[in-house]
Amino acid sequence: KTRSYLWFSLSGSAQKAYAEAQKDVAKLVWATYRQRVLGAATQKLRELQNAQPSGQVLRLARQAWEATTLDPPAVKGAQHALADLGRLRRYVGQEKAAVAVGWLKEHFAERADEPVIVFVEHREALKIIATGVEAQGLRWTHIDGQATKAQRRDRVQAFQDGHYDVIIGTQAMHLGVTLTRASNVLFVERWWVPAREEQAEDRAH
């Protein structure tokens, strides 16, 4: 197994959007931390200072812990931060998808008989790659979370039988399919769990 990495730079507009979103994420993370840990816990600790009976101390200590882990506004803030992190990943994924289209063009110019498995995370990246390979006259199919079992089976079999040059998949394709006709796997967007990537690699020959 040989692994290679493609390096690229974000375009000007993407760099600007990424930088702005990155600042928003940093602000949300800090605000969430301040509210969740410093604000809520400090208030409960003040109550602890005025508590006398041991039973009340234990009760307020438990409330302090719950306040730092279950405070609804803090949880909501964390969810916003995660949403912005997802937005950052989509920006980068779309830029990577454009680079991947170029790589696929070079690959098939040199090795037209070697099919490729492409893994992505977001549907935006999938659409960019699909449009790019179709413009190159390549035959392609895809498997995502919306594909039915019958569609998965038919598309995999068609790929195995040589009817497609490229098969594009989200994490829905990392298990339960056999794509041994291909020996080239391209990860356009990296996944949070490395083990899933290794499982996805094992779909190939």
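The largest pocket of this predicted model encloses about 980 Å³ of space. Its lining comprises 28 residues, and those nearest the pocket centre are S4, Y5, V185, L186 and F187. Helix α3, strand β4 (184–187) and helix α6 (194–201) each contribute at least two residues to that lining. By chemical class, the lining residues divide into 13 nonpolar, 5 polar and 10 charged.

L186, one of the residues nearest the centre of the pocket, also belongs to the largest nonpolar core, where it is among the residues with the most contacts inside that core. This core has 18 residues, and L104, V118, V120, I129, I168 and V188 are likewise listed among its most connected members. The elements that supply two or more residues to the core are α3 (72–110), β1 (116–119), α4 (123–135) and β3 (166–169). Helix α3 therefore takes part both in this core and in the lining of the largest pocket, to which it gives at least two residues. Apart from the largest core lies another, of 15 residues, which include V156, F159, I167 and L179.

V118 illustrates the contacts around one core residue. Leaving aside neighbours within four places in sequence, V118 is in contact with L104, I129, V166, I167, I168, G169, M173, L186 and V188. Among these partners, I167 is a member of the other core. In soluble globular proteins, nonpolar side chains tend to be buried together.

Confidence varies along the chain. The mean pLDDT is 79, and 70% of the residues score at least 70. Strand β2 (residues 140–143) has the highest confidence, at 97, whereas helix α2 (residues 54–70) has the lowest, at a mean of 52.

Notes. Residues are numbered from 1 along each chain as its sequence is written. This is a predicted model: local features need pLDDT of at least 70, side-chain atom pairs count only at pLDDT 80 or more; totals for chains, interfaces and linings use all residues. Side-chain values use heavy atoms; hydrogens and water are left out. A nonpolar core is a set of buried Ala, Val, Leu, Ile, Met, Phe, Trp, Tyr and Cys residues joined through side-chain atoms within 4.5 Å. Buried means under 20% relative accessible area, exposed over 50%, partly exposed in between (1.4 Å probe, protein chains only). Helices (H or I, at least four residues) and strands (E, at least two) are DSSP runs, numbered from the N terminus. Contact means heavy atoms within 4.5 Å. On a 1 Å grid over the protein atoms alone, a cavity is a set of points where a 1.4 Å probe fits but cannot get out, and a pocket is an open set with protein on both sides within 12 Å along at least five of seven lines; lining residues have an atom within 4 Å of a point. Grid points are joined across faces, edges and corners, and a volume is the space filled by probe spheres set on the points. Ala, Val, Leu, Ile, Met, Phe, Trp, Tyr, Cys and Pro count as nonpolar, Asp, Glu, Lys and Arg as charged, and the others, Gly among them, as polar. pLDDT is the predictor's confidence in each residue, from 0 to 100.
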